[in-house]
Amino acid sequence: MKGTTDLTQGKIMPTLMKLTLPIIATNFISTTYGLVDMMWVGRLGSGPVAAIGTASFFINLAVALSTMITIGTGIKVSHCMGAGEDDKAKTNIKNGFFMSVLLGFLYMAFVFLTKDQLIGFFDLGSDEVERMAKQFLFISILGTVFSVVNTLFATILNAMENSKLPFHIFTVGLFLNIILDPFLIFGVGRFEGLGVVGAAIATLTANLLVTVLFFHSNKAFRVDYQVISME
């Protein structure tokens, strides 16, 4: 397929390093979104940090649950490609995409319905901190589908031996998050900062951009699902 690398050709170590180094960097970048939020919100005090830390648990849980689908899909696609079974690879991509979106919406609905109980479980001891945690969770959970789909995109591309594209796209999203965070959290000029809500919006926007870039750059997940090769 176009845009893929045959790992059976050439020396093993250079070929594997060429594939794995972008994967490691991408995984690091995907975990940095939350660290950037915490870094800026930390200037608001310990309360907002506690709120984000509590809400982030349920956001990260969504991505962790999605690995049951994304890793399995990536393995099956990789096997099919190695066997030259392109049609089966397309079917696996369709199924993985459908299950990921379904999981994202189901989890999002679950959090919407139980956010009070979920945050209350931690007994934060402050109504204000709980309020901020619920706000951050409510906005951030809207991006659950984007986060899950982004993880699937990256996994499929890695299975197609194209690990550089996810790295480049996630890097763009990280830079957008870094730029938006201080502006939305603290404000500028007449625009008053939104605090914890601003941090959530910044991360949500970055995840949305990453999804848009994947759809724009990667022909593997076109709406008609007819092409899984990179052009």
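L61 is partly exposed, with a relative accessible area of 31%. In this predicted model, that residue makes a convenient point of entry, since L61 belongs to helix α2, which covers residues 46-82. On the surface, L61 is joined by F57, L65, M68, F121 and F122 in a nonpolar patch. Together, the residues of this patch offer about 620 Å² of accessible area. Membership of a patch calls for over 30% relative accessible area, and L61 meets that cut-off because its value is 31%.

It helps to step back to the chain as a whole. The chain contains 7 helices and 2 strands. Read from the N terminus, the order of elements is α-α-α-α-α-α-β-β-α. Of the 231 residues in the chain, 43% are buried.

Helix α2, the home of L61, also takes part in helix packing. Its partner is helix α5, made up of residues 144-159, and the two pack at an angle of about 25 degrees. The axes of α2 and α5 lie 8 Å apart. Angles under 35 degrees count as roughly parallel, and α2 and α5 are therefore roughly parallel to each other. The crossing of this pair is right-handed.

A second packing pair is formed by α4 and helix α7, the latter spanning residues 196-217. Here the angle is about 15 degrees and the axes are 9 Å apart. With the cut-off for roughly parallel set at angles under 35 degrees, α4 and α7 are therefore roughly parallel to each other as well. The crossing of α4 and α7 is right-handed.

Between α4 and α5 runs a loop, and G143 is found in it. Is G143 buried or exposed? This glycine is buried, with a relative accessible area of 1%; the cut-off for buried is under 20%. Along the chain, G143 and F105 are 38 residues apart, while their C-alpha atoms are separated by 9.9 Å.

Attention now turns to the charged side chains. Side chains of opposite charge can pair when their charged atoms come close. How many salt bridges does the structure hold? There are 2 salt bridges in the structure. One of them joins D116 to K134, with the closest N and O atoms 3.3 Å apart. This pair links distant parts of the chain, as D116 sits in helix α3 (residues 86-120) and K134 in helix α4 (residues 127-140), 18 residues apart. D116 is partly exposed, at a relative accessible area of 42%. K134 is likewise partly exposed, and its relative accessible area is 23%. Partly exposed covers the range between the buried limit of under 20% and the exposed limit of over 50%, so the 23% of K134 falls within that range.

The side chains of E128 and R131 also meet in a salt bridge, at 2.3 Å from N to O. Both residues lie in helix α4, where they are 3 residues apart, or about one turn of the helix. E128 counts as partly exposed, with 40% relative accessibility. For R131, a relative accessible area of 38% gives the label partly exposed. Helix α4 thus appears in several parts of this account: K134 lies in α4, E128 and R131 lie there too, and α4 packs against α7.

Technical notes. Residues are numbered from 1 along each chain as its sequence is written. This is a predicted model: local features need pLDDT of at least 70, side-chain atom pairs count only at pLDDT 80 or more; totals for chains, interfaces and linings use all residues. Side-chain values use heavy atoms; hydrogens and water are left out. Patches are made of residues with over 30% relative accessible area and no salt bridge: like charges are joined within 9 Å, nonpolar side chains (Val, Leu, Ile, Met, Phe, Trp, Tyr) within 5 Å. Accessible areas come from the Shrake-Rupley method with a 1.4 Å probe; for residues, only the protein chains shown count as cover. A salt bridge is a side-chain nitrogen of Lys or Arg within 4 Å of a carboxyl oxygen of Asp or Glu. Helices (H or I, at least four residues) and strands (E, at least two) are DSSP runs, numbered from the N terminus. Buried means under 20% relative accessible area, exposed over 50%, partly exposed in between (1.4 Å probe, protein chains only). Axes are lines fitted to C-alpha atoms, for helices over the stretch in contact, and angles run from 0 to 180 degrees between N-to-C directions. Angles under 35 degrees count as roughly parallel, over 145 as roughly antiparallel, 65 to 115 as roughly perpendicular and the rest as oblique. A crossing is left-handed if the near helix is turned anticlockwise from the far one by less than a right angle, and right-handed if clockwise.
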